[in-house]
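Q: Walk me through this one. Start with the strands, please.

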Amino acid sequence: MALHIDHNARDFTRALALHPREIPAERMEQFERYIAEMFEAFGMDMSDPDVATTPHRYVRALYDATSGYEGDPKLLTVFEKECSGGPDCQLSQIIEGPIPFFALCEHHALPFHGNAYVGYIAHEHLLGISKLTRMVRLFARRFTLQERMGQQIVDTLDAMLRPHGVAVYLEAQHLCTQMRGVREVSPQTRTTFWRGAYAEDPAVRAEFLAACGPRP
Ligand SMILES: [Zn+2]
Ligand SMILES: [Zn+2]
């Protein structure tokens, strides 16, 4: 049996939205000089030896925090599942979570972080549970938006597995609002994304949300 991932290679590649990066060392050093200049103007004492390598560490940390653009070769394998195409096929959900994630809001380049819950109803293909975690991180480690991140996860799973349905629930705190005191409490922003059986059947959605645990 051919893998669906081949049939949908174009959808799958588009859903991943990769942007491989090759940045020469001298360019990274240039970025560090820009950052040092900005930190100094904002109040950091750049003559203090304790912070001499802070611009270097900052640029590296930002680079690592956006490594999701590079892709993840370990995501590519799927397993075959016995499926007769009968009614039994649609019965069971595979749900993983909470999957903690850290992302950077593209409006402020500040973190938003929280938990992802991913569910799907398999048809012919299965994905190892650890791959769901990898997929969440692939889309979190970018400059992104909570909304886009969830859509990319459902679209990629859909293209990869052609399942009967996909569900993603994200809850996150956004430092861009919290650090600047726009709101005093620390609210969770919650978003849900449905495909297939989840979009069509409220009972399937309810079962998924119940499995994600009681929400405060
Ligand atoms: Zn923001
Ligand atoms: Zn099926």
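A: Terms before strands: two strands pair if DSSP finds at least two bridges between them. Helices (H or I, at least four residues) and strands (E, at least two) are DSSP runs, numbered from the N terminus. The model is predicted, so local features need pLDDT of at least 70 and side-chain atom pairs 80 or more, while totals for chains, interfaces and linings use all residues. Residues count from 1 along each chain as written, chains are lettered from A and ligands numbered from 1 in written order, and side-chain values use heavy atoms, without hydrogens and water.

Q: Fine. In what order do the five strands of the sheet run?

A: The order is β5-β2-β3-β6-β7. The sheet is open, and its pairing is mixed.

Q: Which strands stand at the edges?

A: β5 (143–144) and β7 (189–196) do. Each has a single partner strand, so one side of each is left without a neighbour in the sheet.

Q: How many bridges join β2 to β3?

A: Nine, and the two strands run antiparallel. Ile 95 stands opposite Gly 119 in β3. Phe 101 is bridged to Gly 114, also in β3.

Q: What links β2 and β3 along the chain? How many residues lie between them?

A: They form a hairpin, with five residues between them. In the turn, Ala 109 has a positive phi of about 55 degrees.

Q: And the β3 to β6 side: how many bridges there?

A: There are 10 bridges between β3 and β6 (residues 165–174), again in an antiparallel arrangement. One partnership to look at is Tyr 117 with Tyr 169 in β6.

Q: Is β3 mostly covered or mostly open?

A: Mostly covered. Eight of the 11 residues in β3 (residues 111–121) are buried. Buried means under 20% relative accessible area, exposed over 50%, and partly exposed in between (1.4 Å probe, protein chains only).

Q: Switching to the metal. Which protein atoms are the donors of the zinc ion?

A: For ligand 1, the zinc ion, they are Cys 105 (SG), His 108 (ND1) and Cys 176 (SG), at 2.1 to 2.3 Å. Donors are N, O and S atoms within 2.8 Å of the metal (3.2 Å for Na, K and Ca); water is not among the atoms, so sites may look incomplete.

Q: What spacing do the donors follow along the chain?

A: C-x2-H-x67-C. Cys 105 sits in strand β2 (residues 94–105) and Cys 176 in helix α7 (residues 175–178), so the pair ties together parts that are 71 residues apart in sequence.

Q: Are those cysteines buried or exposed? Take Cys 105 to begin.

A: Cys 105 is buried, at 5% relative accessibility. Cys 176 is buried too, at 5%.

Q: How many disulfides does the structure hold?

A: Zero. A disulfide here would be a pair of cysteine sulfur atoms within 2.5 Å.

Q: Back to the backbone. Where is the cis peptide bond?

A: The cis bond joins Gly 97 and Pro 98, with omega about 0 degrees. Pro 98 belongs to strand β2.

Q: Why flag it at all?

A: Most peptide bonds are trans, and most residues other than glycine have a negative phi.

Q: On phi, then: what is the value at Ala 17?

A: Near 45 degrees, so positive in a residue other than glycine. Ala 17 lies in the loop between α2 and α3. Its relative accessible area is 33%, which makes Ala 17 partly exposed.

Q: And what about phi at Arg 162?

A: Arg 162 is not a glycine either, yet its phi is positive, about 40 degrees. Look for Arg 162 in the loop between α6 (146–161) and β6. Arg 162 is partly exposed, with a relative accessible area of 31%.

Q: Last topic, Arg 14. Which helix is Arg 14 found in?

A: Helix α2 (residues 9–16).

Q: Is Arg 14 buried or exposed?

A: Exposed, because Arg 14 has 59% relative accessibility.

Q: What separates the C-alpha atoms of Arg 14 and Gln 152?

A: A distance of 9.6 Å. Along the chain, Arg 14 and Gln 152 are 138 residues apart.
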